[in-house]
Amino acid sequence: MKKELIELRVNGRAHELAIEPNALLLDVLRQQLQLTGSKRGCDDSSCGACTVLIDGVAMMSCTLLAASCEGQEVTTIEGVSEHGSLAAIQKAYGDWGGAQCGYCTPGFIMTVKSLLAENSNPSEADIRMALSSNLCRCTGYNQMYQAIGSAIKAEREGLAVAGSGGGKG
Amino acid sequence: MSLPEFKLLRARELRQALEFLGKCAGSALPGQTARAPDSRERLSLHDSGLRVVAGGTDLIPSMKQKLFEPEYVLDLRAIRELRGIRPLADGGVEIGALTTLREIERSAFLRQHYPVLTEAAASVASPVLRNMGTIGGNICLDTRCLWYNQSLTWRKGCGFCIKKDGDLCHVAPGGAKCWAAFSGDTPPALLCLDAELELASATGTRRVALRDFYTGLGDNYRNLQRNELLTRVLLPASSAGFTGVYRKLRVRGSIDYPLAGVAVAMKRYNSHIADARIGITAVNPAPLLVAGASELLAGKTLDESLAEAAGDMAAKISKPLTTSALTPEYRREMIRVFTKRAVLAAAQAEN
Amino acid sequence: MNSKFSIIGKPTAMVDAAEKTTGSGKYTDDLSVPGMLVGKILHSPYPHARIKAIDTNKAEKLDGVVAVAVGQDAPKTYGILPVGHDEYPLALDKVRYVGDNVACVVATSEAIAERALELIDVDYEVLPGYFDPEESMKAKSDLIHDHKLNNIEKDYHHVFGDPERGLAEADQVAEARFISNEVTHAAMEPHSTLASFEIDPHTGKPGRLTVWSSTQVPYYLQHKLSLVLEMPMQQIRVIKPLVGGGFGGKSEVIPLEIIAAIAARKAKAPVKITYTREEVFWAHRGRPRTIIDLKTGVKKDGRITAVKARVVQDGGAYCSYGVVTILYSGALLGALYDIPNIQFDGYRVLTNKPACGAMRGHGTVNVRFAFESQLDELASAIGMDPAEIRRRNLLHSPCITVNGLRVQSYGLPECIEKTVERSGWKERKGKLAKGRGLGIACSHYVSGAANSIIRSDMPHSTVNIKIDRDGGVVVYTGASEIGQGSDTMTAQIAAETLGCSLSRIRVVAADTDLTPIDIGSYSSRVTFMAGNATLRAAGEVKKLIAAAAAKTMSCDPEDVVFRDDLITKKVCVGTDAVVRPAEQGSAASVSGRVEGQILRGSLQQKRKEEGPKESTTFEEAVVTAIDFHGALTGTGSYAPPAEARGGKHKGAGVGPSPAYSYSAQVAEVSVDEETGEVTVHKVWAAHDCGRALNPVSVEGQIIGSVWMGMGQALTEEMVWKDGMLMNPGLLEYRSPSSVESPEVEPIIVESVDPEGPFGAKECSEGSLAATIPAIANAIYDAVGVRLHESPFTPERVLAALRAKKLAKTLNLTEGIDPTAPSRFREHGGSLWFKGKGPERHPLDPSRQADAPAGGAD
């Protein structure tokens, strides 16, 4: 199949890529850009392990054509760590047992990022609803709620300390 | 699973999309030439040579299963003019077909004036899928069946089915009709709201009532010409101000398609019902408005037995078959129970 | 008394947490090597057929196709059990389920490989299929495996005590049939294997094979690869990258793992195969559909007098772990309660469906559902509180059960107490609003099997430790981290034993070239066995460091304490701690061997000048020890003691474990009486894990087990129609989402096992089995119907409610009473197929009404 040249912005960097028109964003991220943090867990857009942000909105990269994302900003799990350190949500997922096998974790973290960008103080019901886009087979979700609560707290305290930090999107 | 090969047409404007469609449907506009990805290449004009993709949540998994192997895929994601919710001067509203279900779910305007739609939109699949899926896509959603929504290898194992590649229906083996169930959540709500669709083609636009959009057949389920695109959904002012409730039968609290769904929109006058409409989904090859519901309920004071009568009426027209999990009998029974409950809840709901 | 530890018992983030939360960690499908090709497998469309011919010519000619492998490329059978070598990697003569493996295309891209699969022509002769185990057992001809008469893989008949007399003495006897439908692991990571051959420098031909695979059992994989590829084990290296969940689904050799190697050999290039989700469902190895005919007798005082169980498992087309599964279902009737008389008749039956295998709570879960439900029924019949009847039947540990299982630590009484207390059982049971109820149930599980599946005297786990001059500790363990925290457990035990900080420990795991043999992550064996091996290896190294430290501190090695990166003299309490000259002498002679060579170093000079010290840092002590001894290494291994290995009867090898975990749970549910929908509001789960080495992990395992049990109880089920799996995807196989998942309150009970590392036992499986009956019993409490078939889907619950009320009976479940299922429907689960099955083979004898599957009988 004839490849097309597209420019894809991923985690703040522009990449010029030759891709086949039927290439899925997930495959381009994983195979061409070696960003293997986004995972494939199903083939029917049900599991959410491939979740990324498109212009800040959580979407499933297994269900998007890569070429269709041209001109948009793609954020993957690899773009979440801050200055080489764990973001609060990443640290909290580790500390509170939010990740066991870790395969669904990148997708969950992207979903949580998108939730917190819209709602910095979600209720437990809000969190449950948001997380229901992603499937986890290890944790039964309970420890994720603790992790998210703790990350929100850490983020808030961090902002208080930093004085002017600016909300993360 | 890889997608089949196709050529991707990315439309940035509606006009461009309609031109692509026109070419593929064999009705190229005189005096205009569509810009194909490769200008030396002519667009193929053969049947179903093109599929339209918006949110992708329906088409992309189906293409992985090789249910569609079009020569062209027309990508609408970049068309801004088809996004957004625009209240009209007459009190109605126009919703662009590419408006995401998430935007609808969160629209304060729709929540206030057309709550049955926001509630139905909020129950579709999961939040992330609602970020992607559009109202147009939900209306045009392909019908579903466990014998159809399977991989190519799987379908080969059962000898294919009438909807795709085969000549019989595993659900109703005797007949020649496809019984795949329409499984969108928002159409029953939109039926209650008397929605109209704007269908555009390179030669012009037309409007059809949503209730005339579906054919009732599982395979050829919608009335949409090959050169046409669903561009807008219009809700009349006369449907504004109805309270609304949507109840969905699902095994899991998220992600799932409906196994049965009931939408109720109701207008009250003092203590009695001024008007009420009931729409059902996922139990027939088309979403249906329950005929006679208005007559049954209007002008009456609601009580349990009246709500039950409404439930019986809805159950009567639901004909689920073994197209999805849970027995048809159970799904039909739930149409009865959910209708009763939804009618009672709509009567209680704050306007 | 956790204060006596600095690392054990403290909530600890997993050592690989950052890799997982940043996405930098590599799972098998994330790996690529230069020149790597893609493999895709052709699967059988028929449930049972003879292969007459395979023509791969057209596929091979497709541009981009490098090779096509077929059965003849490796015509050797294998299987996880030595008694069950019945699988070919690629079918040789017969296919036995829809999804069986026929050929493998190797190509430059997935799309080309998929297209090539369409070009392979296979000529099949379709045979009658067997889908219902009770029908399959009547088969006389067209057997699934020629040497398995009546399609029975294995049957066992055990009698302990005198069950007939026990039942005769009972005041109350209950008898019922229970059915548990089939469930699968559905781990989030689909199986993936990458196989690559190196060129041998001496022969110039393909030599060593390296396989990266999503496996729970790297050594078994190495062993089976050796068998099928006919290569010596030492020419094969298996590396386990991160694994995205196992739950038993990766605890044996899965077809793609061997096919990838065969394909790489044929294509002369590295090949990666990653299953689609549908293929994961076909590979399966999940929990079999099980029919349990159970009869239990109790006295008026609640004492159980006898249990009789007939268990039939629908095992699918191959043996897999089947023999072990059926034995567990009988053996683990014991060791939870004190049951004096047990009769067990177990049948593992072959059918034309994907093979069932080991899944979380291997073998016990379905029988536990039946037993705990029946016990609840008996409690109600004799007017006893369901928690009380369980208390009346406790074991008196230490003991050996009637079927030969040794119990040394038994936290069940405390588990029951704690759940009863936390759930408000006494105050709330029977007083909840209409439609809401509480149910209790218990369960247990092994901490590893006392007898390995490969009969030998080798240790089940071995661990090596190496410490270098930098004070860094490297632990080499064959144990397989699959998300359960085994690497973290290993690091914690090593750090605690050596008294050093966790950050010093680096765990190198599950690489057959680097790490000593460990038989794998299954049957909850890792903490107990690999943990004990780690403890011993660390203890051995510690001795060397202690000797050196003692020398600098002029004390006996026995009297130094390792803690928090510091080595100090033991505080003398009384006369016990007085240094005895003889011991000091022997310790000195150990290190004295190399003293002469090493005493040149300036550090030693300096120390000598400083004289004896009161304490020394871990790092200093390590340097000193290395100066005395050379590199510090230690090895520890673990084999279960002979006393724990069980009785002598046929099949006695399965069930015995060095220790058992215990669980008691209370579930609170509500039932919508109009729709039959069940909501689980909360589960209180007390689990006796011996000692919680890492409480955050232990709680995670308890919650995860309970949650998975809830999935089996309410929503999960593999639905079949004539051998076609109707829901081979995560959209239609419904594992619960966060919305309907309940709060689980984990309650840790520590019975401190005498043989467990720091007293620890298993914590990852035992809780699952109690959840299903706890929910069933809560449904009974809520609305008065007892469900005998799982999952308790809304239609089953509603049908039961309708039957109870004699209300307008609707044919919601195909006319089968879900409270008393009499037969096993061919399509199992959802009961909704009334039409004919797939019309795919007009000549398929199994489709002809006058020739029923299995022939006449």
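Welcome! A good place to start is chain B, where strand β4 (residues 85-87) and β5(B) pair in the antiparallel sense over 3 bridges. Please keep in mind that this is a predicted model. From that small piece of chain B, this briefing moves on to the nonpolar core, the contact between chains A and B, and then chain C, which has 22 helices and 31 strands.

**Strands of chain B**

- β4(B) and β5(B) make a hairpin, with 5 residues lying between the two strands.
- In the turn of that hairpin, G91(B) has a positive phi of about 100 degrees.
- Across the β4(B) and β5(B) pair, R86(B) stands opposite E94(B).
- Strand β5 (residues 93-96) of chain B is also joined to β8(B), by 4 bridges, and these two strands run antiparallel.
- Two residues of this pairing can be looked up directly: V93(B) stands opposite L235(B), and I95(B) has V233(B) as its bridge partner.
- Another neighbour of β8(B) is strand β6 (residues 196-201) of chain B, and the two pair in the antiparallel sense over 5 bridges.
- On the β6(B) side, L197(B) has V233(B) as its bridge partner. V233(B) is thus a bridge partner of both I95(B) and L197(B).
- Is strand β8 (residues 229-235) of chain B mostly covered or mostly open? It is mostly covered, with 6 of its 7 residues buried.

**The largest nonpolar core**

- The largest nonpolar core holds 457 residues.
- The members that touch the most other members are L74(B), V116(B), V264(B), V105(C), A263(C), I775(C) and I779(C).
- Helix α15 (residues 526-553) of chain C supplies the largest share of this core, namely 17 residues.
- As general background, nonpolar side chains in soluble globular proteins tend to be buried together.
- For a closer look at one member, try V116(B): leaving aside residues up to four places away in sequence, V116(B) touches A189(B), C192(B), L193(B), F242(B), G244(B), V245(B), Y246(B), A263(B), V264(B) and A265(B).

**Where chain A meets chain B**

- Here 24 residues of chain A are in contact with 24 residues of chain B.
- On the chain A side, the elements giving two or more residues are β4 (57-60) and α4 (124-131) of chain A.
- β4(A) gives the most to this side, with 4 residues.
- Sorted by class, the chain A side has 12 nonpolar, 10 polar and 2 charged residues.

**Chain C as a whole**

- Chain C has 857 residues, and 66% of them count as buried.
- Among contacts in chain C between residues at least 6 apart in sequence, 80% join residues at least 24 apart.
- The chain is divided into domain 1 (4-17 + 458-638), domain 2 (31-127 + 189-244 + 250-283) and domain 3 (150-184 + 285-451 + 646-805).
- Between the domains, 14 residues of domain 1 of chain C are in contact with 13 residues of domain 2 of chain C.
- The domain 1 side of that contact divides into 5 nonpolar, 6 polar and 3 charged residues.

**A seven-stranded sheet in chain C**

- An open sheet of 7 strands has the order β3-β5-β1-β12-β9-β10-β11 (chain C), with mixed pairing.
- Its edge strands are β3 (65-70) and β11 (236-239) of chain C, each of which pairs on one side only.
- From one strand to the next, the twist averages 20 degrees.
- Within the sheet, strand β9 (residues 192-199) and strand β12 (residues 271-274) of chain C pair in the antiparallel sense over 4 bridges, and T193(C) has I273(C) as its bridge partner in β12(C).
- Helix α3 (residues 110-117) of chain C packs on the sheet, touching β1 (37-43), β3 and β5 (101-107) of chain C, and its direction makes about 30 degrees with that of β1(C).
- Helix α7 (residues 255-267) of chain C lies across β1, β3, β5, β9, β10 (206-213) and β12 of chain C, at about 35 degrees to β9(C).

**A closer look at E189(C)**

- E189(C) is found in the loop between β8 (172-180) and β9 of chain C.
- Why does E189(C) count as buried? It has 30 C-beta neighbours inside 10 Å, and the cut-off for buried is 20 or more.
- Leaving aside residues up to four places away in sequence, E189(C) touches residues of two chains, including G41(A), C101(A) and Y103(A) as well as Y27(C) and S214(C).
- The C-alpha atoms of E189(C) and T401(C) are separated by 39 Å, and the two residues are 212 residues apart along the chain.

Note on methods. Residues are numbered from 1 along each chain as its sequence is written. Chains are lettered from A and ligands numbered from 1 in the order in which they are written. This is a predicted model: local features need pLDDT of at least 70, side-chain atom pairs count only at pLDDT 80 or more; totals for chains, interfaces and linings use all residues. A nonpolar core is a set of buried Ala, Val, Leu, Ile, Met, Phe, Trp, Tyr and Cys residues joined through C-beta atoms within 7 Å. A residue is buried if 20 or more other C-beta atoms lie within 10 Å of its own, exposed if 12 or fewer, and partly exposed in between; C-beta atoms are placed from the backbone. Two residues are in contact if their C-beta atoms, placed from the backbone, lie within 7 Å. Ala, Val, Leu, Ile, Met, Phe, Trp, Tyr, Cys and Pro count as nonpolar, Asp, Glu, Lys and Arg as charged, and the others, Gly among them, as polar. Two strands pair if DSSP finds at least two bridges between them. Domain bounds come from an automatic or database domain assignment. Axes are lines fitted to C-alpha atoms, for helices over the stretch in contact, and angles run from 0 to 180 degrees between N-to-C directions.
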